[in-house]
Amino acid sequence: MKETVLIQQKNKLEITFDLLKKDLVFTISLLLAVLSCFIQPPKLEYINFHVLVCLFNLMLAIKAFEELKVLDKLAISLLNKCKNSKSVSTILILFCFFSSMIVTNDVALLTFVPLTLVISKKTNMPMMETVILQTIAANIGSSLTPMGNPQNLFIYSYFGIKPVPFFTTVVFMAILGISSLYFLIRKLKSTELKVYLTPVMIVDGKKAALWGIVLIIIIASIFGILHDQMVFIITFMISLLLNKKILVKIDYLLLLTFICFFIFIGNISHAEAVQTFASTSLKNPASIYFSSIFFSQIISNVPASILLAHFTTDWKPLLLGVNIGGLGTIISSLASVISYKLFIQSNPREGKQYLTKFTIYNFAFLLFF
């Protein structure tokens with residue numbers, strides 16, 4: 001009897017260890033959250049429930065589109081119009097760049113990275129570099145508008161910035177970004193697509209249309225037009241009515257990863273040493289700019305913008321710094337975590353390779369800017 005219990009416990013430990021080893025970002029986030037609790041006691045207010053609820057709603061909608069073959073239809077329609085893999089990658093990367101200006105970098109990646117992965121499976125083409133460049137494109141493209149990402153929205157409202165000064169501050173960064181992406185896209189390998197895939201029919205057009213309406217409602221809640229809790233109830237009830245199986249198919253570890261990062265970021269940003277460093281180092285535009293990049297690398301660009309805004313009135317270097325600071329480490333922009341998680345779901349054995357290439361590409365962009 002004891003031996004049976006010991007074997008069961010051993011199996012549970014092995015499963016847990018394999019899970020932690022497989023999902024490296026979750027493991028790192030969990031470790032950082034636990035360690036930061038020794039520096040500063042965690043508080044419930046650190047967790048951004050608005051982000052978590054919106055993320056949960058989006059994952060349900062995207063999973064529903066996958067189940068209804070909407071993404072398959074889009075993927076095959078796109079493939080049948082493209083002659084080579086480079087043209088496919090170009091379209092997918094540009095979709096992320098331009099859509100992120102309107103629907104935020106998180107939503108752009110949640111929408112188009114799954115489409116990229118579907119195309120990768122349909123053609124057996126490796127799309128790791130495409131996903132990485134999509135992530136960079138979303139992070140750069142989202143910098144061009146106040147609603148493109150959370151840090152822009154915060155700085156825009158906190159400092160009461162007008163549209164023209166905001167746009168003129170970030171437009172050169174966006175131009176540099178799209179130019180750099182174009183150069184890298186040209187360097188991608190071009191494989192001729194000789195196959196013609198039979199167009200896929202959407203499983204249920206009425207359900208797909210209904211989920212399309214739900215997605216619009218979810219995006220409205222992201223912009224604060226509708227209350228996120230009300231939208232959560234609507235999305236949850238629609239899931240129960242149309243396909244309750246998707247409730248167990250979404251990636252709950254992604255939500256846990258965000259919770260761990262929120263705890264870590266909250267603990268670190270409220271630490272006395274960090275507060276002291278920020279108050280003594282932000283003396284001129286250059287120090288604000290480089291400090292915002294530095295803090296973005298270790299606590300992510302959203303909390304970095306919130307922390308540093310309390311110590312300066314010079315919003316321009318802060319705005320540029322936290323947007324450029326979204327490049328670099330995988331935690332510098334939490335949108336980057338989304339694309340990583342989506343990629344390793346489809347390619348569980350390529351997690352380390354992805355992180356290596358992601359880091360090289362992102363730090364190359366960071367140094368360039």
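This is a guided tour of the structure above, stop by stop, with a suggestion of what to select at each point.

The model is predicted, and for that reason local features need a pLDDT of at least 70 and side-chain atom pairs count only at pLDDT 80 or more, while totals for chains, interfaces and linings use all residues. Residues are numbered from 1 along each chain as its sequence is written, and side-chain values use heavy atoms, with hydrogens and water left out.

**The nonpolar core**

Begin by selecting L55, V88, I119, I136, W211, F258 and Y354, which have the most contacts inside the largest nonpolar core, a set of 115 residues. A nonpolar core here is a set of buried Ala, Val, Leu, Ile, Met, Phe, Trp, Tyr and Cys residues joined through side-chain atoms within 4.5 Å. The word buried means under 20% relative accessible area, exposed means over 50%, and partly exposed is in between, as found with a 1.4 Å probe on protein chains only. Which helix gives the most to this core? Helix 5, residues 85-123, does so with 15 residues; helices (H or I, at least four residues) and strands (E, at least two) are DSSP runs, numbered from the N terminus.

Now select I119 and show its surroundings: leaving out residues up to four places away in sequence, I119 touches A75, L78, L79, V88, L92, M125 and M127, where contact means heavy atoms within 4.5 Å.

**S120 in helix 5**

Move to S120, which is also found in helix 5 and counts as buried because its relative accessible area is 16%. A polar atom of the S120 side chain lies 2.6 Å from the backbone oxygen of M125. Beyond neighbours within four places in sequence, S120 is in contact with M125, P126 and M127.

**Two residues at 0%**

Select Q134 in helix 6, residues 128-141. Is Q134 buried or exposed? Q134 is buried, because its relative accessible area is 0%. Apart from residues up to four places away in sequence, Q134 touches L92, I93, C96, L109, F112, V113 and T116.

Next select G177 in helix 8, which counts as buried because its relative accessibility is 0%. Not counting residues up to four places away in sequence, G177 touches I140, F365 and F369. If you add A309 to the selection, you will have two residues that are 132 apart in sequence and 25 Å apart in space, C-alpha to C-alpha.

**Helix 15 and its cover**

Select helix 15, residues 315-324, which is mostly covered, since eight of its ten residues are buried. The buried ones are W315, P317, L318, L319, G321, V322, N323 and I324. What covers these buried residues includes helix 7, helix 8 (163-187), helix 13, helix 14 and helix 17 (351-368).

Helix 13, residues 285-299, contains I298, which is partly exposed because its relative accessibility is 36%. Leaving aside residues up to four places away in sequence, I298 touches F264 and I331. The C-alpha atoms of I298 and I132 are separated by 20 Å, with their places 166 residues apart along the chain.

**Cysteines**

How many disulfides are there? The count comes to zero, a disulfide being a pair of cysteine sulfur atoms within 2.5 Å. Select C54, for which the nearest cysteine sulfur, that of C96, is 19 Å away; C54 is buried, because its relative accessibility is 5%. Then select C260, whose sulfur is 9.3 Å from the closest cysteine sulfur, in C37, and therefore too far for a bond. C260 is buried as well, with a relative accessible area of 8%.

**Empty space**

Finish with the spaces, which are found on a 1 Å grid over the protein atoms alone: a cavity is a set of points where a 1.4 Å probe fits but cannot get out, a pocket is an open set with protein on both sides within 12 Å along at least five of seven lines, and lining residues have an atom within 4 Å of a point. Grid points are joined across faces, edges and corners, and a volume is the space filled by probe spheres set on the points.

There is one cavity of 30 Å³ or more, with about 40 Å³ of space. To see its lining, select N105, N139, S142, N149, Q151, N301, N323, G326 and S333.

The largest pocket holds about 980 Å³ of space. Of the 39 residues that line this pocket, select N48, V51, P150, F262 and V302, which are the closest to its centre. Among the elements that give two or more residues to the lining are helix 3 (49-67), helix 11 (252-269) and helix 16 (334-346).

Notes. Polar contact = N/O pair within 3.5 Å; in protein donor to acceptor, adjacent residues only side chain to side chain.
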